[in-house]
Amino acid sequence: MIDHFCTKLKDDRMRQDLIYHLASLEIQSVFHYIPLHESIKCSKYFEFSGEDKYTTKNSERLLRLPLYYDLEIEDVNHICFEIKEFFND
């Protein structure tokens with residue numbers, strides 16, 4: 001079973017930069033959260049009303065990091081180290 005750990009970054013630019021940094025080290029990180037009011041299925045049945053103060057902005061900041069059952073502690077340490085390196089540059 002594969003799962004992910006989510007983290008929230010400053011903005012979508014930082015998220016994209018971190019994705020590229022991790023990818024260059026063969027560490028997969030992804031984003032795919034789409035706010036319900038922006039999804040095709042939801043917009044087919046519901047109409048969003050009001051002001052979107054938080055949902056879209058926050059969805060653009062989410063990043064999923066690898067986290068799964070047989071992930072070795074060495075891999076966890078490596079991922080954490082590389083994320084720290086990204087922020088220390």
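**Two helices and a shared core**

Good morning. Let us begin with helix 4: at 1.5 Å a residue, its 16 residues should span 22 Å, and the end C-alpha atoms are indeed 22 Å apart, so expectation and model agree. I should say at once that this is a predicted model.

Which residues of helix 4 are buried? They are Ile79, Glu82, Ile83 and Phe86. Around the axis these residues cover an arc of only 100°, which means that they sit on the same side of helix 4. A general point helps here. An α-helix has 3.6 residues a turn, so residues three or four places apart point the same way. The other side of helix 4 carries Ile73, Glu74, Lys84 and Asn88, which are exposed. As for partners, the buried residues of helix 4 pack against helix 1 and strand 2.

That brings us to helix 1. This helix runs over residues 12-24, and its 13 residues should span 18 Å at 1.5 Å a residue; the distance between its end C-alpha atoms is 18 Å, which agrees. Its buried residues are Arg15, Leu18, Ile19, His21 and Leu22. Viewed down the axis of helix 1, these fall within an arc of 165°, and therefore they line one face of the helix. Arg13, Tyr20 and Ser24 are exposed, on the face turned away from the buried side. The buried residues of helix 1 pack against helix 3, residues 55-59, against strand 2, residues 62-68, and against helix 4, residues 73-88.

Let me turn to the ends of helix 1. At the N-terminal end, Asp11 acts as a cap: one of its side-chain oxygens lies 3.2 Å from the backbone nitrogen of Arg13. After the helix comes Glu26, with a positive phi near 60°. Most residues other than glycine have a negative phi, and most peptide bonds are trans. Glu26 lies in the loop between helix 1 and helix 2, residues 40-45. Is Glu26 buried or exposed? Glu26 is exposed, since its relative accessible area is 77%.

Next, consider His21, a residue of helix 1. A polar atom of the His21 side chain lies 3.1 Å from the backbone oxygen of Glu82. Setting aside residues up to four places away in sequence, His21 touches Glu82 and Phe86.

What makes up the largest nonpolar core? The ten residues are Leu9, Leu18, Ile19, Leu22, Ile27, Leu63, Leu65, Ile79, Ile83 and Phe86. Helix 1, strand 2 and helix 4 each supply at least two residues of this core. In soluble globular proteins, nonpolar side chains tend to be buried together. For one member, Ile27, the contacts beyond four places in sequence are Leu22, Pro66, His78, Ile79 and Glu82.

Finally, the cysteines. A disulfide is a covalent bond between the sulfur atoms of two cysteines. How many disulfides does the structure hold? The number is zero. The sulfur of Cys42 has its closest cysteine sulfur in Cys6, 20 Å away, and this is too far for a bond. Cys80 is likewise in no disulfide, with the nearest cysteine sulfur, that of Cys6, 15 Å away. Cys42 is buried, because its relative accessible area is 18%, whereas Cys80 counts as partly exposed at 39% relative accessibility.

To close, I return to the two helices: the buried residues of helix 4 pack against helix 1, and both helices supply residues to the largest nonpolar core. Thank you.

Methods: Residues numbered from 1 in each chain as written. Predicted model: local features only at pLDDT ≥ 70, side-chain atom pairs only at ≥ 80, totals over all residues. Heavy atoms only, no water. Helix = DSSP H or I, 4+ residues; strand = E, 2+ residues; numbered from the N terminus. Expected span 1.5 Å × (residues − 1). Buried < 20%, exposed > 50% of the residue type's maximum accessible area, 1.4 Å probe, protein only. Arc of directions from axis to C-beta. Contact = heavy atoms within 4.5 Å. Polar contact = N/O pair within 3.5 Å; in protein donor to acceptor, adjacent residues only side chain to side chain. Disulfide = S-S within 2.5 Å. Core = buried A, V, L, I, M, F, W, Y, C linked by side-chain atoms within 4.5 Å.
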